[in-house]
Amino acid sequence: MKPSLSANFAGLLAGLAAAVGYGLVPLFTLHINGTAPVEADRMGDVVILFYRFLFASAIIGGIMLVRGQSFRISLKELGTLLLLAYLSDASALFNIAGFQYISSGAATTIRFFYPVFTTLIMLVFYKEPRRWSTIIAMLMAVVGVVVLSLKGDAHAEIEGIVFEILSAVCMAFYLVYVSRSRVKDMNGLKLTFYVLFIGALIFGGRAFQEGSFEPITTPTQWYNLLLAAVICTAATNLSLVFAVKKVGSTVTAVLGALEPLTAVAVGALCFAENITLYTLLGIAIILPAVLIIIISQRKQAT
């Protein structure tokens, strides 16, 4: 049965909101990560992820309590949720690891091949109908991100390329399994709560293993971590799950092109980063790709 026009529109809005939310991450993390201007505010990337996921899961858990919603899950559902959490967290960890060997522009370019992997998984394993509008939009989005990420200082080592490909593959499987696994009909709040809570445990364990775990000690850390948890983690992950359920994994993946575009806008507006010809050209390619997806989804629902 075709999804209704209102459901499609809501799913598209959620997908766009998720992409923008992820793109806003630098707005908060650059004030507290290893490049923060004040040394006392600096925290490791894995520790930042731990607090983001911990606070976000607490917020969503609080909403569930207020609503009187059950936290109960079966053992089979727990297994699937563990897999989803692992895929989500592995994507983030591989992405972080890649930055040690590869420039940020190259890393963004390679990681954004996840819409390609998502499309291939859906076509090969789930026999999703081939829609040329979606394929064209996907290719445009990937090209747009490549152009957007071009910088003169780009460099790449084989280890970094492998890490970023693994990050993209994990993200693709995460998007697919949200809509195709045994938890596909689970309430979005419950699903997101468990994925984030398990993720917090994984990141916390990783931080302790590395010896990089540290408490929150400054107001700047509290402020930015809480905002990142609310805007870029809780709200964003809820929007992502909702979008996947309403418009599917492939469309949600393509809409993710707005993530690097948003990050570029944040860099230019808040951190005085330069807007280059490549930036403008990338934007000029990405925006029509997103419009193609929106128009094709509206036609599909009518």
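Mentor: Buried means under 20% relative accessible area, exposed means over 50%, and partly exposed lies in between (1.4 Å probe, protein chains only). We are looking at a predicted model, in which local features need pLDDT of at least 70, side-chain atom pairs count only at pLDDT 80 or more, and totals for chains, interfaces and linings use all residues. Residues are numbered from 1 along each chain as its sequence is written, and side-chain values use heavy atoms, leaving out hydrogens and water.

Trainee: Let me try that scale on R180: is R180 exposed, partly exposed or buried?

Mentor: First find R180 in helix α8, which covers residues 158-180; helices here are DSSP runs (H or I, at least four residues), numbered from the N terminus. Its relative accessible area is 40%, so R180 counts as partly exposed.

Trainee: And where does I63 lie?

Mentor: I63 has 34% relative accessibility and therefore counts as partly exposed, too. As for its place, I63 lies in helix α3.

Trainee: Now the rings. How many aromatic pairs does a search of the whole structure find?

Mentor: Rings of Phe, Tyr and Trp (its six-membered ring) pair if their centres lie within 6.5 Å; planes under 30 degrees apart are stacked, over 60 edge-to-face, and the rest tilted. With that rule, the number of aromatic pairs found in the whole structure is 14.

Trainee: Is the pair of Y51 and F55 stacked, edge-to-face or tilted?

Mentor: Both residues sit in helix α3 (residues 45-67), and because they are four residues apart, about one helical turn separates them. Y51 and F55 are both buried. Their ring centres are 5.8 Å apart and their planes make an angle of 35°, which makes the pair tilted.

Trainee: What about F208 and F213: what is their centre-to-centre distance?

Mentor: F208 is exposed, at 58% relative accessible area, while F213 is partly exposed, at 29%. The two rings are stacked, with 15° between the planes and a centre-to-centre distance of 4.4 Å.

Trainee: Which residues do ring pairs link into a cluster?

Mentor: You have already met four members, Y51, F55, F208 and F213. The other names in this cluster are F50 and W222.

Trainee: On to charges. Which side chains meet in a salt bridge?

Mentor: A salt bridge is a side-chain nitrogen of Lys or Arg within 4 Å of a carboxyl oxygen of Asp or Glu, and the structure holds one. Its partners lie four residues apart in helix α9 (residues 188-210), about one turn of the helix. The distance is 3.1 Å from N to O, and the side chains are those of R206 and E210.

Trainee: What is the relative accessible area of E210?

Mentor: Its partner R206 is partly exposed, with a value of 37%. E210 is partly exposed as well, and its relative accessible area is 43%.

Trainee: Let's finish in a loop. What is the phi of K127?

Mentor: K127 lies in the loop between α6 and α7 and is exposed, with a relative accessible area of 64%. Although K127 is not a glycine, its phi is positive, at about 55°.

Trainee: How far apart in space are R130 and I73, C-alpha to C-alpha?

Mentor: R130 is placed in the loop between α6 (114-125) and α7 (132-148), and R130 counts as exposed at 58% relative accessibility. R130 and I73 are separated by 57 residues in sequence, and the C-alpha to C-alpha distance in space is 35 Å.

Terms used
Helix = DSSP H or I, 4+ residues; strand = E, 2+ residues; numbered from the N terminus.
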